[in-house]
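Let us walk through this model from a pocket to the packed interior. Keep the sequence and the 3D view side by side.

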Amino acid sequence: MLSHADVKFNPVSFISHLIWIDGKYDLIGLAGTKNLNASSSPLNWFVGSNQFPYSRYGDVTMTDKNGSEVRCFYNQYKPDVKDTEVACIDGLCCILSKKFIEQGFLFDTGISDFDFYDTGASFKCLFEMKAKVGVMVEPVFHESEGMGILKPEFLEDEQKFRERWKRNLEVNIH
């Protein structure tokens, strides 16, 4: 499991849920979308799904720039969904199945140390390894609101990412 240092969740509920969905997905996140328009910029799961808000899943509470907590229950259109297959996850937490690791999954290198690992992992899972990406809906607290996607470095890395994945402009999981 790879997680941001500023992410907190209930470990008992989290592990129980993970055991319950064992084997269902190869790459799991705590937020993501079934539909992604990869021509959106800045490119990440959230911006890429702006035209598909009904396809988002997750339960993330973030701290905004004023220090206030903001809860985003992304699957408000389907509140009973506890896990689902998606096209792209948020990197605040990435869980890899043992099978996926044994198949040789590695995060892409050469784009950035910190940007696009989540979108790249989702694309690699779907398009190269023909595997399943999923979201496990668990309440999670993230001490930031992900504004790093507005930095010039992110947009520079976005061009490298687009070159790497230029054949996949729109992703939909139904």
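Start with the residue classes: Ala, Val, Leu, Ile, Met, Phe, Trp, Tyr, Cys and Pro count as nonpolar, Asp, Glu, Lys and Arg as charged, and the others, Gly among them, as polar. By that scheme, the lining of the second largest pocket holds 6 nonpolar, 2 polar and 5 charged residues. Bear in mind that the model is predicted.

Now place that pocket. The second largest pocket encloses about 170 Å³ of space. Its lining comprises 13 residues, and D22, G23, Y25, I28 and S97 lie nearest the centre. Two elements, β10 and α2 (98–102), each give at least two residues to this lining.

β10 also leads inward. Spanning 93–96, β10 gives two or more residues to the largest nonpolar core, as do β6 (56–63) and α4 (152–164). That core has 29 residues. Which of them touch the most other members? They are L30, V60, Y74, L92, M136 and F161.

Another core lies apart from this one. It has 16 residues, including C94, Y117, A121 and A131.

Next, look at helix α3, residues 117–128. Why is α3 described as largely enclosed by the rest of the structure? The reason is burial: 10 of its 12 residues are buried, where buried means under 20% relative accessible area. The buried set consists of Y117, D118, T119, G120, A121, S122, F123, K124, C125 and L126. Two of these, Y117 and A121, are also among the members of the 16-residue core. Just after α3, K130 adopts a positive phi of about 50 degrees.

Terms used
Residues are numbered from 1 along each chain as its sequence is written. This is a predicted model: local features need pLDDT of at least 70, side-chain atom pairs count only at pLDDT 80 or more; totals for chains, interfaces and linings use all residues. Side-chain values use heavy atoms; hydrogens and water are left out. A nonpolar core is a set of buried Ala, Val, Leu, Ile, Met, Phe, Trp, Tyr and Cys residues joined through side-chain atoms within 4.5 Å. Buried means under 20% relative accessible area, exposed over 50%, partly exposed in between (1.4 Å probe, protein chains only). Helices (H or I, at least four residues) and strands (E, at least two) are DSSP runs, numbered from the N terminus. On a 1 Å grid over the protein atoms alone, a cavity is a set of points where a 1.4 Å probe fits but cannot get out, and a pocket is an open set with protein on both sides within 12 Å along at least five of seven lines; lining residues have an atom within 4 Å of a point. Grid points are joined across faces, edges and corners, and a volume is the space filled by probe spheres set on the points.
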